Amino acid sequence: MKRVTTLLLCAACALVAQAQKTFTLGSPDGKLQTTVTVGDQLTYDITLDGRQILAPSPLGMTLENGAVWGEHPKLAGTARQAVDASVPSPFYRADALKNQYNELTLRFQKDWSVEFRAYNDGIAYRFVSKAKKPFNVKNETVDYRFLTDAKASVPYVGVGKDGDYESQYFNSFENTYTTDHLSKLNKQRLMFLPLVVEAADGVKLCITESDLENYPGLYFTNAQGDNRLTGQFAPYPKREEQGGHNRLQMVVREREPYIAKVDKPRSFPWRMAIVTTSDKDLANSNLTYLLASPSRLADTSWIRPGKVAWDWWNDWNIYGVDFESGINNDTYKAYIDFASAKGIEYVILDEGWAVNLQADLMQVVPSINLKELVDYAAARHVGIILWAGYYAFERDMENVCRHYAEMGVKGFKVDFMDRDDQEMTTFNYRAAAMAAKYKLLLDLHGTHKPAGLNRTYPNVLNFEGVFGLEQLKWIPATHNQVQYDVMIPFLRQVAGPLDYTQGAMHNASKGNYYPSNSEPMSQGTRCHQLGLYMVFDSPFSMLCDSPSNYEREPESTAFISEVPTVWDETRVLEGKMGEYIVTARRKGDTWYVGGITNWIPRDLELDCPFLVPGRTYHATLFRDGANAHRKGIDYRREEFDLTQDGSLKLKLHLAPGGGFALKLR
């Protein structure tokens, strides 16, 4: 009897061995690897230099008809390829990006497959459907299982009731970061992306997604309180009502029992884990852009990135003029004159130019003659951008785009989407395509993090989804914006460019900040604000302060005005998440270098390995003044020549909340 039992056990083990197959995929440099297991459940893991970083984690997709991709999958075939190419990125942090990876495709019966890619800095996968008949996706299994109770830095949604996901799905994707062990994360709050897990000593894993088209965005929860993060999606809207901010939003009142509709063969969004042993390498990652679908625009010659003189943050508070400032033509002509004199490409008319509560962009307030302003700006080589509430833009999109493009308007800042269910991510792509049809730029404010749209539609230059400077008009003095600033490049910015709206001229040292609507201020020093123009990716970059304040600060204004917004090359030279960062960017033969620190003062020795040996450069340096720790506006501007001889190092002192800005030509 014992021998029979043993034989049966051996036979069972043999069947399991036959049923379970494993595939390995390594990065081009051989350091990063994933092992994909096809057994009762489809799983994958991540190892770095032979050390496991991510435990075997399940992936799957449940359809409304009961089919489950990933459970007991039946393999139909495999394919592999290696790619080493260059991707053009004309309106991003470099003119081109290296795209090198190894790919494994597993094809399964029932017309679905999974593609895995291994880059030198990350592992990504996505589902692909070849099914020709429509179906609904009930849910997708996205699970990241870690080996220990690791620390994570996550942004929770900032609204909604604890435990009530529906109330949390309606959010602006703006919040600061909470850092704690996985088991101690709030079990009743949704987390949005990107987020970072310290998966092992010295190893960070950043989770986000790309190619998020016609599919809901990914959230995470840790309802189990263990060593894992579990994916969560907003179900598809069933019933909506006009409401929200000034009746410019559509509020979901009822949802379907599925998350997405699929009506034809398609690829689903990439799930990616960026893995680095150096914080600066995390800030240097381009995976979100590389994994996005290529540009769909044959002609991009009309796309003109640049800086924007912005009205809302400074509350239209210009002074020293002989008219009452506000939402009127005289005020906007002053903004246009300022932009023209400083070489700033655009002026925006933010909320207030269209009649309130009508959600109708054809109704302009009586105090604005829009055609006159557009013509006035054009004569001075300045473009006009119009703010638009989501519902007002969505309900009449083509008519609005056609009408204002014919008038000479250059683009729209669309705001208050505040959702990322399938209906809303589809809107973002539809808006991008419609704007491109009429050669209009888009700045998607009030939206989720970027997820590749700026590659697919390069006329979408910027995105919010960030706890930007606008918050300092009302947030209490206990808030630590300076700390948040040195988190952004390692988290939110990994997803793509951000509409942070830097450039404040009223700068508060620690303890001196207070909220003010009409005379707002930044936290940290003047040089912290200047440094942000190099530290942050922002192809369409706002100048947040009043033209009157900029006129009083000619040195800072001249520097901001000349800083490019798109680059031929970007290098993060050094940095540590939550502490400091130094970023160098090149346009032509000129380098711009910016650095910022948290509230801890810091001494840096800046190495400049990017400079051509033997060539002499003229340097313009803005550094914190001797009393910047007491008076945030204190700075010194210096000019000098330097030559790269292999030992060049610049010694810089950064005040608490400080920074520096350096131009080398």
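**Close-up views of a predicted model**

**View 1. Asp-84 is an exposed residue, with a relative accessible area of 52%.** All the views here show a predicted model. In this one, Asp-84 meets Lys-98 in a salt bridge, and their closest N and O atoms are 3.0 Å apart. Asp-84 sits in strand β6 (residues 75–88) and Lys-98 in strand β7 (residues 96–108), so this pair, 14 residues apart, links distant parts of the chain. Lys-98 is exposed too, because its relative accessibility of 54% is over the 50% cut-off.

**View 2. Asp-162 and Arg-189 join their side chains in a salt bridge, at 3.0 Å from N to O.** Each partner comes from a loop: Asp-162 from the one between β11 (151–154) and α2 (165–169), and Arg-189 from the one between β12 (178–181) and β13 (195–200). The pair therefore ties together parts of the chain that are 27 residues apart in sequence. Is Arg-189 buried or exposed? Arg-189 is buried, with a relative accessible area of 9%, whereas Asp-162 is partly exposed at 38%.

**View 3. Arg-228 and Asp-226 form a salt bridge.** The closest N and O atoms of Arg-228 and Asp-226 are 2.9 Å apart. Asp-226 counts as partly exposed, its relative accessible area being 27%. Elsewhere, a network of salt bridges links Glu-166, Glu-240, Arg-255, Arg-419, Asp-421 and Glu-423. Over the structure, the count of salt bridges comes to 38.

**View 4. Arg-271 is a buried arginine in strand β21.** The strand spans residues 270–276, and Arg-271 has a relative accessibility of 1%. What does the side chain of Arg-271 make a polar contact with? Its partner is the side chain of Glu-140, at 3.0 Å. Beyond neighbours within four places in sequence, Arg-271 is in contact with Ile-123, Ala-124, Tyr-125, Glu-140, Val-142, Tyr-144, Thr-208, Glu-209, Tyr-215, Leu-218 and Phe-233. Glu-140 thus appears in that list of contacts as well as in the polar pair.

**View 5. Arg-526 is buried in helix α12.** The helix runs over residues 526–535, and the relative accessible area of Arg-526 is 0%. A polar contact of 3.1 Å joins its side chain to that of Ser-556. With neighbours within four places in sequence left aside, Arg-526 touches Ala-504, Met-505, Asn-507, Glu-553, Ser-556, Gly-632, Ile-633 and Tyr-635. Have a look at Ala-628 as well: its C-alpha is 8.4 Å from that of Arg-526, although 102 residues separate the two in sequence.

**View 6. Asp-545 is buried yet has no salt bridge.** Asp-545 belongs to the loop between β30 (540–543) and α13 (547–551). Which side chain of opposite charge is nearest to Asp-545? That is Arg-526, and it is 7.2 Å away. A salt bridge needs its atoms within 4 Å. What Asp-545 does have is a polar contact of 2.8 Å, side chain to side chain, with Asn-549. Outside the four nearest places in sequence on either side, its contacts are Trp-310, Trp-313, Asn-314, Gly-503, Ala-504, Met-505, His-506 and Tyr-550. Ala-504 and Met-505 are also among the contacts of Arg-526.

**View 7. Cysteines appear here without disulfides, as a search of the whole structure finds zero.** For Cys-544, the nearest cysteine sulfur is that of Cys-527, 15 Å away. Cys-608 is in no disulfide either, and the nearest cysteine sulfur, again that of Cys-527, is 17 Å away. Cys-544 is buried, with 0% relative accessible area, and Cys-608 is buried at 0% as well.

**View 8. Phe-393 and Phe-412 touch the most other members of the largest nonpolar core, which has 135 residues.** Helix α9 (residues 422–437) gives the most to this core, with eight residues. Apart from residues up to four places away in sequence, Phe-393 touches Leu-361, Ala-388, Val-400, Cys-401, Phe-412, Val-414, Phe-427 and Ala-431. Another core, of 58 residues, lies apart from the largest, and its members include Ile-46, Phe-116, Leu-195 and Val-262. In soluble globular proteins, nonpolar side chains tend to be buried together.

Terms used. Residues numbered from 1 in each chain as written. Predicted model: local features only at pLDDT ≥ 70, side-chain atom pairs only at ≥ 80, totals over all residues. Heavy atoms only, no water. Helix = DSSP H or I, 4+ residues; strand = E, 2+ residues; numbered from the N terminus. Buried < 20%, exposed > 50% of the residue type's maximum accessible area, 1.4 Å probe, protein only. Contact = heavy atoms within 4.5 Å. Polar contact = N/O pair within 3.5 Å; in protein donor to acceptor, adjacent residues only side chain to side chain. Disulfide = S-S within 2.5 Å. Core = buried A, V, L, I, M, F, W, Y, C linked by side-chain atoms within 4.5 Å. Lys, Arg positive; Asp, Glu negative; His and termini not counted.
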